[in-house]
Every structure is written in structure tokens, then in C-alpha cells.
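This report looks at how side chains pack inside a protein chain. It covers nonpolar cores, aromatic pairs and cysteines.

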Amino acid sequence: MEKNLREHHSGHYGLEENFSENHTGYQLEKFYKGLDQLGITCSEAQINQFLKFYGMLVEKNKVMNLTSITQWEDAVEKHFLDSLSLTKCIDLNQSIRALDLGTGAGFPGIPLKIAFPELNLVLMDSLNKRIIFLQEVIEALHLSGITAVHGRAEELAVKPEYREKFGLCVSRAVANLSSLSEYCLPFVKVGGTFISYKSGEIEEEAAKAQKAISILGGKLKSIEKFTLPETDLSRSLIQIEKKKKTPKAYPRKAGTPAKQPIC
């Protein structure tokens, strides 16, 4: 059945252009089980988009450092299911403008957009080469209602078209929560939410970030701890509500939030 599904996908979206013969043996069972555990249902066309995205990621990774995770099963676990685990703390079946800050190779943004096509999404990253790749992905997957923007958070967050314009901001970027909050909360409108993807134990880091979160207009709402579907990998989603406007002084100039976190 999986073989038939892959053949159907290949013919439907032209996957044969991106996949050589040794790519035809990918197992989809773990992916389907993981989606089911997250309460997500994907059509054949959506599954095909995931496959095509993976193919483009692996190919581009040969000439550009996008990710160290390139094996199919690892990508399913640590990129796709990890990105989609956001459904554990927020309903994405709604009209919402979302920002993926520090998106890198497109995580969690691209998987979220594939699974929830109605999401109005902006991908931001400071490296233009990544943004160019993501623009290629958006075009190849025929995604609409999504844009990829190049720039640093400290510079873009002061622009009127972005400041406090998003109902949801997500980030899988590797940084302490205090710095991440200074990068992300200025983009979130009052009443909106910032969710940080974290791994392992997070309580101490969250406690240390409380002052920064408060100064930036946020309030820690919850920490959702869980094991990624079909894995033994521990993850946490930190949900921060935007209660009041972020003071104009934040974010501070480029580099400062990372070097001197609010504490």
C-alpha cells in the first residue's frame, strides 16, 4: 500500500524530479502513526508535500549547511513530528497570522503550513541563503499565504508592518528563553501567544526568564512536557501570553539580547 501511495504521489507532484531510485524505499508508517497521535490528518497531497520538502532539503544540504538531520526516519521524528507537536498546546484550525522566527531550514514553519494550509505564515531568518531556499520550497510546494523574510529580529521587530502584528509567534531557535522572549514578544500582539520549542528539563530556564517575560509584556501560561510520538525524545513547549505592549526600548540593538539577556 505504501508503495502504491508513493507511486501516486510521485506521479501527482513530479517527485521523480527530486528523488532518485534509492529514495523509493521510505517507510511512511512511523510518520502516519505520529500524525495520528498528534490528532493530525493529512491528505495524500499533503504527505507528498512533506516528501518533496524532504527531497529538496537533502539535495540543498549537499551544497549548503541546512541541517545535520538528513536520514528519513530522523527527519520524520526530529523535524516533522517535532514541528507539528505544537498542536499539543494550541488549536491551529483557526484563522491566525503566525510568525516562525529563526526558521532556519523551515522548521517548524513549513511542516505547520503543509499540515494546516489556512495558517497565514511568515518565516524569518537572518541568513539570506536560507530564505532563498525557503522561497524555492514555497514555490515548488505551491504554498500560498506564506512568505519568507530576510532580516534580524532586532531590526524587523521595530518595523510597523511587523511589530505586534502576529497572533502567534513560534521558534525552535537555540537560545535561552530570556533572549528568545526579547526577540519574539515584540512581534506578538496583545492577546497573542509566543511558544518556544525546547528539549529536556526547562523549569530552571523558565524561572530565570520570568523577569524578562514580564518586562516584555508577557506572562508564562504553561509548560507542556511530552515525549515525541514514536520516539523516546523528551520535549517541552513553553507558552507565553502577551498581556501588554512591549516597551519601545525592546528589542535592544543587534546582538545585545543574546550577549546580555534580561535577568
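## Nonpolar cores

In this predicted model, the largest nonpolar core has 57 residues, and Phe80, Leu86, Ile110 and Leu168 touch the most other members. Helix H3, which spans residues 44–61, gives the most to this core, with 8 residues. Leaving aside residues up to four places away in sequence, Leu86 touches Leu92, Leu112, Leu168, Val170, Ile195, Tyr197 and Leu237.

There is also a second, separate core of 29 residues. Its members include Ala153, Cys184, Ala206 and Ala212.

## Aromatic pairs

A pair of aromatic rings is described by two values: the distance of the centres and the angle of the planes. Searching the whole structure gives 10 aromatic pairs. One of them joins Trp72 and Phe80, with ring centres 6.2 Å apart. The planes of Trp72 and Phe80 stand at 70 degrees, and an angle over 60 counts as edge-to-face, so this pair is edge-to-face. Trp72 is buried, with a relative accessible area of 5%, and Phe80 is buried too, at 1% relative accessibility.

Phe166 and Phe187 form another edge-to-face pair, at 6.4 Å centre to centre and 65 degrees between the planes. This pair links distant parts of the chain, as Phe166 and Phe187 are 21 residues apart. Phe166 belongs to strand S4 (residues 166–171). Phe187 is in the loop between helix H8 (177–184) and strand S5 (188–199). Both Phe166 and Phe187 are buried.

Ring pairs also build a cluster, linking Phe31, Phe50, Phe53, Tyr54, Trp72, Phe80 and Phe107. Phe80 thus appears in two settings: it is in this cluster, and it is among the residues of the largest nonpolar core that touch the most other members.

## Cysteines

How many disulfides does the structure contain? The count comes to 0. A disulfide is a covalent bond between the sulfur atoms of two cysteines, and the cut-off used for counting one is a sulfur pair within 2.5 Å.

Why does Cys184 form no disulfide with Cys169? The closest cysteine sulfur to that of Cys184 is in Cys169, at 3.7 Å, and this is too far for a bond because the sulfur atoms would have to lie within 2.5 Å. Cys184 is buried, with a relative accessible area of 0%.

For Cys89, the closest cysteine sulfur is again in Cys169, but 13 Å away, so a bond is ruled out by distance. Cys89 has a relative accessibility of 17%; the limit for buried is under 20%, so Cys89 counts as buried.

Conventions. Residues numbered from 1 in each chain as written. Predicted model: local features only at pLDDT ≥ 70, side-chain atom pairs only at ≥ 80, totals over all residues. Heavy atoms only, no water. Phe/Tyr/Trp six-rings, centres within 6.5 Å; stacked < 30°, edge-to-face > 60°. Buried < 20%, exposed > 50% of the residue type's maximum accessible area, 1.4 Å probe, protein only. Helix = DSSP H or I, 4+ residues; strand = E, 2+ residues; numbered from the N terminus. Core = buried A, V, L, I, M, F, W, Y, C linked by side-chain atoms within 4.5 Å. Contact = heavy atoms within 4.5 Å.
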